[in-house]
Amino acid sequence: MTESIYANNNHPSPRVAPKLHHATFMTMDVALMSNWYEQVCGLRPVYFSTHAAWLTNDEANHRIALIRIPGTQVPVNKPRTAGHHHTAFEYATFDQWLDNYVRLRDQGIVPVFNLDHGMTMSMYYQDPDGNGVEIQVDNFGDWDASSEWMWASREFSEDQLGPHFMPDKLVEARAAGLTHAEIHRRAYAGEYAPAVDPGPPMFADVWPARVKADPSLAEGLPMVDGPLVD
Ligand SMILES: [Fe+2]
């Protein structure tokens, strides 16, 4: 086993750390992606054009940005390519989180997999380009408490992913009057797990179907001089 570079360095972090502000994705279709992020997470454009958009759903000027750079190519085997796995959004309450699942399910948008991680319950969607989007609720309702659980609990040291769950089972349990705490307890015990274990948290490769629907994508975006041209 190789020695850990992280464990053996002297952790030279800045005295004042910058805050996470936004993530930017290269895309071949800004409108398709903007529509999806608005429908799923309520992100609206602060600025929108066919070559780029800046989206937010809070007080920040943007949280997700989309850029259509000339020459961009279709990803190859994206689910098994090193790099970004998902972006996460958090609801303040269990009922808001579950209501959003029902709203999207009724519009035909369902998560690819769902995990009770212990500190959060999380549903993982896929945007039209195949990027993961986690929508979560904190099981402790308090980041200090859930952080402490992550570093101090035996459960997290033994299993950092937790069991899969079927969201419709949670909807049924809530309708039957069970509380967030009780539903989390049961989900974390695996009571709402699918009959067949979905295995590792892998997304699907959406690109073969995208290219089949629009074969011109296989050629990539045209190379044009100058940045971000339509
Ligand atoms: Fe996450």
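How many bridges join β6 to β7? There are 4 of them, and the two strands run antiparallel. That pairing belongs to one of the views below, which all show a predicted model.

**Figure 1. The whole protein, before we zoom in.** Here you can take in 8 helices and 8 strands. Along the principal axes, the C-alpha atoms fill a box of roughly 55 × 50 × 40 Å. The chain has 230 residues, and 21% of them count as buried. Looking at contacts between residues at least 6 apart in sequence, 61% join residues at least 24 apart. The protein is divided into domain 1, made of 11-77 + 205-230, and domain 2, made of 84-204.

**Figure 2. Where domain 1 touches domain 2.** The centres of the two domains, taken over C-alpha atoms, are separated by 25 Å. On the domain 1 side the contact takes 12 residues, and on the domain 2 side it takes 13 residues. To find your way around the domain 1 side, look for β1 (23-26) and α2, since each supplies at least two residues there. Helix α2 gives the most, with 6 residues. By type, the domain 1 side divides into 10 nonpolar residues, 1 polar and 1 charged.

**Figure 3. The largest nonpolar core.** This view gathers the 28 residues of the largest nonpolar core. Tyr37, Leu55, Ile135, Leu170 and Ala187 have the most contacts inside the core. Several elements each supply at least two residues, among them α2 (30-41), β3 (52-56), α3 (94-106) and α7 (180-188). The largest share, 5 residues, comes from α2. Both domain 1 and domain 2 give residues to this core, so it lies between them. As a bit of background, nonpolar side chains tend to be buried together in soluble globular proteins.

**Figure 4. Tyr37 and its surroundings.** Tyr37 is one of the residues with the most contacts inside the core. Which residues does Tyr37 touch, leaving aside its neighbours within four places in sequence? They are Leu43, Leu55, Ile64 and Asp127. Leu55 may look familiar, as it is also listed among the residues with the most contacts in the core.

**Figure 5. Pro45 in strand β2.** Pro45 is found in β2, which spans residues 44-48. Is Pro45 buried or partly exposed? It is partly exposed, because 19 other C-beta atoms lie within 10 Å, while a buried residue has 20 or more. Once neighbours within four places in sequence are left aside, Pro45 is in contact with Ser34, Ala53, Trp54 and Leu55. Ala65 sits 20 residues away from Pro45 along the chain, and their C-alpha atoms are separated by 9.0 Å.

**Figure 6. The open four-stranded sheet.** Follow the 4 strands in the order β5-β8-β7-β6; the pairing is mixed. Strands β5 and β6 (113-116) stand at the edges with a single partner strand each, so one side of each is left without a neighbour in the sheet. From one strand to the next, the twist averages 20°. Strand β5 (residues 86-91) pairs with β8 in the parallel sense over 6 bridges, and Ala88 has Glu134 in β8 as its bridge partner. By contrast, β7 and β8 pair in the antiparallel sense over 7 bridges. At the other edge, Asn114 has Met123 in β7 as its bridge partner.

**Figure 7. Strand β8 and the helix across the sheet.** Why is β8 described as largely enclosed by the rest of the structure? Because 5 of its 7 residues are buried. Helix α3 lies across β5, β7 and β8, and it runs at about 145° to β8.

**Figure 8. Gly130 in the β7 and β8 hairpin.** Gly130 is found in the loop between β7 and β8. The hairpin has 5 residues between its strands, and Gly130 takes a positive phi near 90°. Where the strands pair, Gln126 stands opposite Gly132 in β8. Gly130 counts as partly exposed because it has 16 C-beta neighbours inside 10 Å. Its contacts, with neighbours within four places in sequence left aside, are Lys78, Phe203, Asp205, Val206 and Trp207. Ile109 is 21 residues from Gly130 along the chain, with 14 Å between their C-alpha atoms.

Methods. Residues numbered from 1 in each chain as written. Predicted model: local features only at pLDDT ≥ 70, side-chain atom pairs only at ≥ 80, totals over all residues. Core = buried A, V, L, I, M, F, W, Y, C linked by C-beta atoms within 7 Å. Buried ≥ 20, exposed ≤ 12 C-beta atoms within 10 Å, placed from the backbone. Domains from an automatic or database assignment. Contact = placed C-beta atoms within 7 Å. Nonpolar A, V, L, I, M, F, W, Y, C, P; charged D, E, K, R; others polar. Pairing = 2+ DSSP bridges. Axes fitted to C-alpha atoms, helices over the stretch in contact; angles between N-to-C directions.
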